[in-house]
Amino acid sequence: MLGLSSGLVVFIVAVTGCIYAFQSEIQDLIQPYRYVDQVGETILPPSEVWKLAGEALPGKHLHGILYPQIENRAAQAIYYSFEENYYYFVYVDQFTGKILKVKDEYADFFRVVLDGHFYLWLPPEIGQPVVASFTLVFLVMVITGLILWWPKKKKGVDKSFKIRWDARWRRKNYDLHQVLGFYVMIFALVFALTGLVWGFTWFRDGYYAITTGGKQFVEYNAPLSDSTSVYQGVLPGIDQVWRKMQEEYPTAEWIEVHPPDYKHGSYAANANPDADTYWKMDYRYFDQYTLEELPVDHVWNRFHESSVGDKLQRMNYDIHVGAIGGLPGKFLAFCLSAIIASLPVTGFLIWWGRKKKDRSQNKFSKAKSSQKHLPA
C-alpha cells in the first residue's frame, strides 16, 4: 500500500525532474535576450544597471545584480520578495544600457515545472511537507525493494538482471519494474537523500552533523554592518564591492553583488568559477559603511574555508540535478528520472494484475462451492 499511496507523488516528482534537467540549455536556445553583442570594453557598473532596471520595473526590491563573464551574456538585475510574492529578472545590456527583457520568473514554464517538483503545485506550506514525506516513503521502498528483489538462491541469479522481452506482457512488466528498479537503485537513493536535505530540517541537520563530526548547521545570514559609521567613498558602495570582486576573481564565470536589505545589512557578493554549477562559489560579505570584509560561520563562505561537510551541503543541488557531472551528468539524471517515473506505473500494473487474479480465483472458488450444494 505504501507504493500505491506514494506512486502518484513519485511519478510527478520524477517527471518534473526529468523535464527540468536541461532547463538552462533549453532557455539559452530559445531566449535570445540572454545574449548581447560586446560594444567596447566599458561595462556599466551595478549602480547604473540598478537605475536602468528600476525604471523598467519600478517599485520593486532589488535582490542582486549578476554579471555573467562568458559568452557575451546579458547582465541580470534580480528582483525578489517573499512577502509580496514576486520574482523578476531584468536583462540589461551592460555595454549599452538597453533593457532587453523584463521576465516574470513565476510565469516561466520551467518555474511551473519546478513548483510541481517541490510542491505538487500546492501552496508551499502544504506541498513541501507532502513531497518530503512521500520522498521518505520512497527511500524506505527503495531499500525494502532491494531486500525483496535479492535472489534467495544462487541458481539462476543471472535472470534477476535481465528483462525477458520474449515473455508475456505481464512478465515483461514485472521485469521492467524489478530489473530497472535494481539498476537505478543507487541513483534513486541519491535523488531521495539530496531531496530530503531540503525536505526536512531535522534530516538536513542530522546529515550535516554526521558529515562534519557533530557540528551544528547554521542557517544562512548576512552579517551586520556598523550603522554608527558613515560611508565616505566617492563611488557607490555596490560599485566598489563589484570592482573588488572583479580584481580578485578575473577568471570567474560570473560575479554577483547584492545590496543591503536594511540599515544594518551588508553587501553580499559571490564569484563562481564554473557557471554550470554552484558549489565552488566564493561568498563574500562587506560592511555597507566601511566596506570592511565581514566573516560568517555558515557554509556560504569562501570555498577554501569550507569543510568536507560544508562542501557536501554546497554540492547538494548540483548532485540532485546531475550538474556535478557536467552535461553527461545531466543526461544521466534525465534518463534515471524517466526510469524512476516508470516504476510507479509498472508497480501499479503488477498490483492491478494480482488484484484481478485474486478476484477471478475468488469467483471460481465461490462457483465451485455453490456447485457442491446443488441438489443431485
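## A nonpolar patch on the surface

Let's start on the outside: Leu8, Phe11, Trp169, Val345, Phe348, Leu349, Trp351 and Trp352 make up a nonpolar surface patch of about 760 Å². Keep in mind that what you're looking at is a predicted model.

Who supplies these residues? Helix H1 (2–20) and helix H11 (326–372) each chip in at least two. H11 gives the most, with 5 residues. One of the patch members, Phe348, is found in helix H11. Phe348 has 38% relative accessibility, so it counts as partly exposed, a class that lies between the buried cut-off of under 20% and the exposed cut-off of over 50%.

## A covered strand

Now for strand E5, which spans residues 254–258. This one is mostly covered, with 5 of its 5 residues buried.

Which way do its residues point? Trp254, Glu256 and His258 go one way from E5, while Ile255 and Val257 go the other way, and all of them are buried. In a regular strand, side chains alternate between the two faces of the sheet.

## The neighbours of E5

E5 pairs with strand E1 (residues 62–68) in the antiparallel sense, over 4 bridges. If you want a spot to look at here, find Ile65, which stands opposite Val257 in E5.

Strand E6 (residues 266–272) is another partner: E5 and E6 pair in the antiparallel sense too, over 5 bridges. In this pairing, look for Trp254, which stands opposite Asn272 in E6.

Key. Residues are numbered from 1 along each chain as its sequence is written. This is a predicted model: local features need pLDDT of at least 70, side-chain atom pairs count only at pLDDT 80 or more; totals for chains, interfaces and linings use all residues. Side-chain values use heavy atoms; hydrogens and water are left out. Buried means under 20% relative accessible area, exposed over 50%, partly exposed in between (1.4 Å probe, protein chains only). Two strands pair if DSSP finds at least two bridges between them. Patches are made of residues with over 30% relative accessible area and no salt bridge: like charges are joined within 9 Å, nonpolar side chains (Val, Leu, Ile, Met, Phe, Trp, Tyr) within 5 Å. Accessible areas come from the Shrake-Rupley method with a 1.4 Å probe; for residues, only the protein chains shown count as cover. A salt bridge is a side-chain nitrogen of Lys or Arg within 4 Å of a carboxyl oxygen of Asp or Glu.
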